[in-house]
Structure formats: C-alpha cells, structure tokens
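Visitor: I am new to this structure and should be grateful for a close look at a single part of it. Please explain the terms as they arise.

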Amino acid sequence: MAKSPAPVPNDTPVASDATAAGKGRATPSRAEQEAARKRPLVADTKEAKARARADLAAQREKARVGMAAGDERYLPVRDKGPQRRFARDFVDAGWHLGEGVMPFMILVIVLTLVPNGFFQYWSFVALWIFILFVIGDMIITSIRVKRAAKAKFGEDRLEKGLGWYSAMRTVQMRFMRLPKAQVKRGQYPA
C-alpha cells in the first residue's frame, strides 16, 4: 500500500519555473573532474606525519616496557621460551663476580692515573686475575644452569646455547639486564 505525500503547508513559497530548470552551477570540465579525483595514496600533511610519529613512539614505548617486564610478546627471539626464562631466573637469583667487572675496571683506570708505577702495574695484574675468576664463575654458572635445566625439562629437550646465554647474563650488572630480573636474590627457580 502506497502512502500519500504529506500536505505542503500554505505559508512556504512555491519555487518558480526559472530556478527549477537547472542545477544551479556550471558543469565542470573534464580536467577539473580528473583533478578532483586525484589524491595522494598516503596523506602528506604535517598532522598525519606527526600523528604517525606519535603512534610509533607509543608502540615503541609499549614494547620497551613489555620487554623489560619479560612479556613473551615483546621479547626478541633469543629470549623467548620457558628454558630461557628458567636460565634468566637462575642467573638473577645468584650473586656473580661478573657484575663487578665494570666498577673494577673504573677503579683500575683511576689507579693508572696515579704517577706511581707500582700502583699502575699491580692494578692491571689484579684486573687480569679478577677477569680469570669471572671466567671461572661464568663456566660454573653455565654448567649449573644446564644441569638444572636437564633435570627440569629433560636431557633430550634441552635447547642449544642455554649455557652461553646464562654465562653472558652473569657479566651484566643486575640493573642493566634486559629483560629485567623477575626474581629476588636467593629465590632460585624450582
């Protein structure tokens, strides 16, 4: 069933025949129509670039915070997986000589500025002896991590490079490690 049109109120003026005949503007030329259709594929405005930079900065900050917190989604490939997390927690739970390499090197540099040859010579000897102890600590930590990972995950499922990964983590100072330490000292993983 069709509806009848609504009645037009009497107070509205009726359009004359002169204005109803045309569309009220000239037909655009072909060149004008083509120019109106052309738009850049990517917006080239300053606002769009600034918005894109701000979005990228926000994504980077979110990824940085996620990586520092140990979120698996934001970790690089070398840090992903339960065995790598286990190795990180194992290393972070202990005290290691490697954490003192940088402060010890700064001390040696200060001692080499002393104009006495005795201090200069023996500070370098002490540094090399300390580095040998650090290498020994790295080897022992690597063996302990691999042994504990074998016991937890099984010898046939042990990832390659787990010992090297944990040894390199011992050399970094605790507050500079990424992902950040998730366990307290002495809180070894089960």
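**A close look at one helix**

Guide: Aspartate 137 is buried, with a relative accessible area of 16%; buried means under 20% relative accessible area, exposed over 50% and partly exposed in between, with a 1.4 Å probe and protein chains only. This is a predicted model, in which local features need pLDDT of at least 70 and side-chain atom pairs count only at pLDDT 80 or more, while totals for chains, interfaces and linings use all residues. Residues are numbered from 1 along each chain as its sequence is written, and side-chain values use heavy atoms, with hydrogens and water left out.

Aspartate 137 has its place in helix α6. Helices (H or I, at least four residues) and strands (E, at least two) are DSSP runs, numbered from the N terminus. The protein contains 7 helices and 0 strands. Not counting residues up to four places away in sequence, aspartate 137 touches His96, Leu97 and Gly98, where contact means heavy atoms within 4.5 Å. Histidine 96 is 41 residues from aspartate 137 along the chain, yet their C-alpha atoms are separated by 7.0 Å.

The helix itself, α6, has 37 residues and reaches 53 Å from its first C-alpha to its last, close to the 54 Å expected at 1.5 Å a residue; the expected span is 1.5 Å times one less than the number of residues. At the N-terminal end of α6, asparagine 116 acts as a cap, with a side-chain oxygen 3.1 Å from the backbone nitrogen of phenylalanine 118. Just after α6, glycine 154 takes a positive phi of about 100°.

Among the buried residues of α6 are Phe130, Val134, Asp137, Met138, Thr141, Val145, Ala149 and Phe153. An α-helix has 3.6 residues a turn, so residues three or four places apart point the same way. The cover over the buried residues of α6 includes α4, α5 (101-112) and α7.

Part of α6 also belongs to the largest nonpolar core, which has 9 residues: Phe86, Ala87, Phe90, Val91, Val145, Ala149, Phe153, Leu162 and Tyr165. Such a core is a set of buried Ala, Val, Leu, Ile, Met, Phe, Trp, Tyr and Cys residues joined through side-chain atoms within 4.5 Å. At least two residues of this core come from each of α4 (82-92), α6 (117-153) and α7 (162-171), and α4 gives the largest share, 4 residues. Apart from this core lies another, of 5 residues, among them Val101, Phe130, Val134 and Ala167.

Notes. Polar contact = N/O pair within 3.5 Å; in protein donor to acceptor, adjacent residues only side chain to side chain.
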